[in-house]
Amino acid sequence: MMEGVVSTIIPVHNRAGMLREAVASVLSQTYRPIEIIVVDDGSTDDTARVADQLVRTHPQEVHVIHQSNTGPGLAREAGRQAARGEFIQYLDSDDLLLPEKFEKQVAGLNANSQCGVSYGKTRLGRKGEASNTVAWKRTGERTETMFPSFLESRWWGTSTPLYRRRVTDQAGSWLDLRNEEDWEYDCRIATQAILLNYVAEFVSEERDHDEHRLSRGGTRDNRKLKDRAAAHALILTHAREAGIGAGAAEMQHFARELFLLSRQCGAAGLDEESKELFALARKASGEARGRGWDFELYSFFANVVGWNRAGKLACLSDRYRRA
């Protein structure tokens, strides 16, 4: 580990143009020393050449790893293994860091030794358009710890937090998941009960665009649904490890998410995942709530008509109620 260095890990797959912009936003940081580790995750377009060009232009700060396609989690893990910094920044190749991010967040962590992660406001923009001036998700709120609120949602973007290296080392490896791998990873970090440092200024920008994004289609792609099911099961394990009980409002919220995902998996023909998530939803709900009429009725119906048919009918009903 190199004291004071911020290591930025950028996994990329077929995003040559946006990779240049992401790397430029890191090179524009007012803070030094930094290193940038680009992980070219099996790109088939011009991305590999662009990454190598960035290394030639900035040989002291930019490094590249070329590998076959493994997905975002394992690509970030390859970067984490190569990182030498005291602080770790993950950055998706379509997002940007604002110039004073590292300066303000490193200062915040140095001034608050008890804090393991620093975060600030993130804005949501669309590539080619003016950025929003409202804090995205819950990044405009000051929160002391990641749990229990992370059971309700991953309320920041990948670009938002800056981690101490010891926190990511203790969390361990990224998993081979292609959807919600970042939420599972952060919930694993949340089990450490670390305190958060808050910078009440904008530090990064998440960008929407029309190009391919792995985070899309999470209810229509069976591979992604399987990964979401695995991530949700692990998140529940992390929450229990952190001591969050069924009585917490956040746990009740997550139990409903488990039940919803169970229905979606059933509708997609993923019977085993549907059954497992349904059982986890009942457990997360607590003994009394887990015996509620909705659970009892759905269990009876699924066992009679099958988990696939029950899921399809339930999802149709859900859509009808939202209409």
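**Reading the terms in this model**

User: What makes helix 3 count as mostly covered?
Analyst: In this predicted model, 8 of the 11 residues in helix 3 (residues 72-82) are buried. Buried means under 20% relative accessible area, and Pro72, Gly73, Ala75, Arg76, Glu77, Ala78, Gly79 and Arg80 are the residues of the helix that meet that mark.

User: What covers those buried residues of helix 3?
Analyst: The cover includes strand 1 (2-12), strand 2 (34-41), strand 3 (62-67) and strand 4 (85-90), along with helix 5 (165-171) and helix 6 (181-190). Helix 3 packs on the sheet, and its direction makes about 145° with that of strand 2.

User: Happy to hear about that sheet. Why are strand 3 and strand 5 said to stand at the edges?
Analyst: The open sheet has 8 strands in the order 3-2-1-4-7-6-8-5, with mixed pairing. Strand 3 and strand 5 (96-97) each have a single partner strand, so one side of each is left without a neighbour in the sheet.

User: How do you know that strand 6 and strand 7 pair?
Analyst: Pairing needs at least two bridges between the strands, and 2 bridges join strand 6 (residues 115-126) to strand 7 (residues 162-164). The two strands therefore count as a pair, and they run antiparallel. Ser118 stands opposite Leu162 in strand 7.

User: Why is Glu180 called buried while Lys137 is called partly exposed?
Analyst: Glu180 has a relative accessible area of 17%, and buried means under 20%, so Glu180 is buried. Lys137 has 45%; exposed means over 50% and partly exposed lies in between, so Lys137 is partly exposed.

User: What makes the phi values of Lys137 and Glu180 worth a look?
Analyst: Most residues other than glycine have a negative phi. Phi of Lys137, in the loop between strand 6 and strand 7, is near 50°. Glu180, in the loop between helix 5 and helix 6, has a positive phi of about 60°.

User: Which peptide bond in the loop between strand 6 and strand 7 is cis?
Analyst: The bond joining Phe147 and Pro148 is cis, with omega about 5°, and Pro148 lies in that loop.

User: How do you know that Leu316 can belong to a surface patch?
Analyst: Patch residues need over 30% relative accessible area, and Leu316 has 48%, so Leu316 passes that cut-off. Leu316 is in helix 11, and its partners in the nonpolar patch are Phe300, Phe301, Val304, Val305 and Leu313. Together the patch residues have about 540 Å² of accessible area, and helix 10 gives the most, with 4 residues.

Key:
Residues are numbered from 1 along each chain as its sequence is written. This is a predicted model: local features need pLDDT of at least 70, side-chain atom pairs count only at pLDDT 80 or more; totals for chains, interfaces and linings use all residues. Side-chain values use heavy atoms; hydrogens and water are left out. Buried means under 20% relative accessible area, exposed over 50%, partly exposed in between (1.4 Å probe, protein chains only). Contact means heavy atoms within 4.5 Å. Patches are made of residues with over 30% relative accessible area and no salt bridge: like charges are joined within 9 Å, nonpolar side chains (Val, Leu, Ile, Met, Phe, Trp, Tyr) within 5 Å. Accessible areas come from the Shrake-Rupley method with a 1.4 Å probe; for residues, only the protein chains shown count as cover. A salt bridge is a side-chain nitrogen of Lys or Arg within 4 Å of a carboxyl oxygen of Asp or Glu. Axes are lines fitted to C-alpha atoms, for helices over the stretch in contact, and angles run from 0 to 180 degrees between N-to-C directions.
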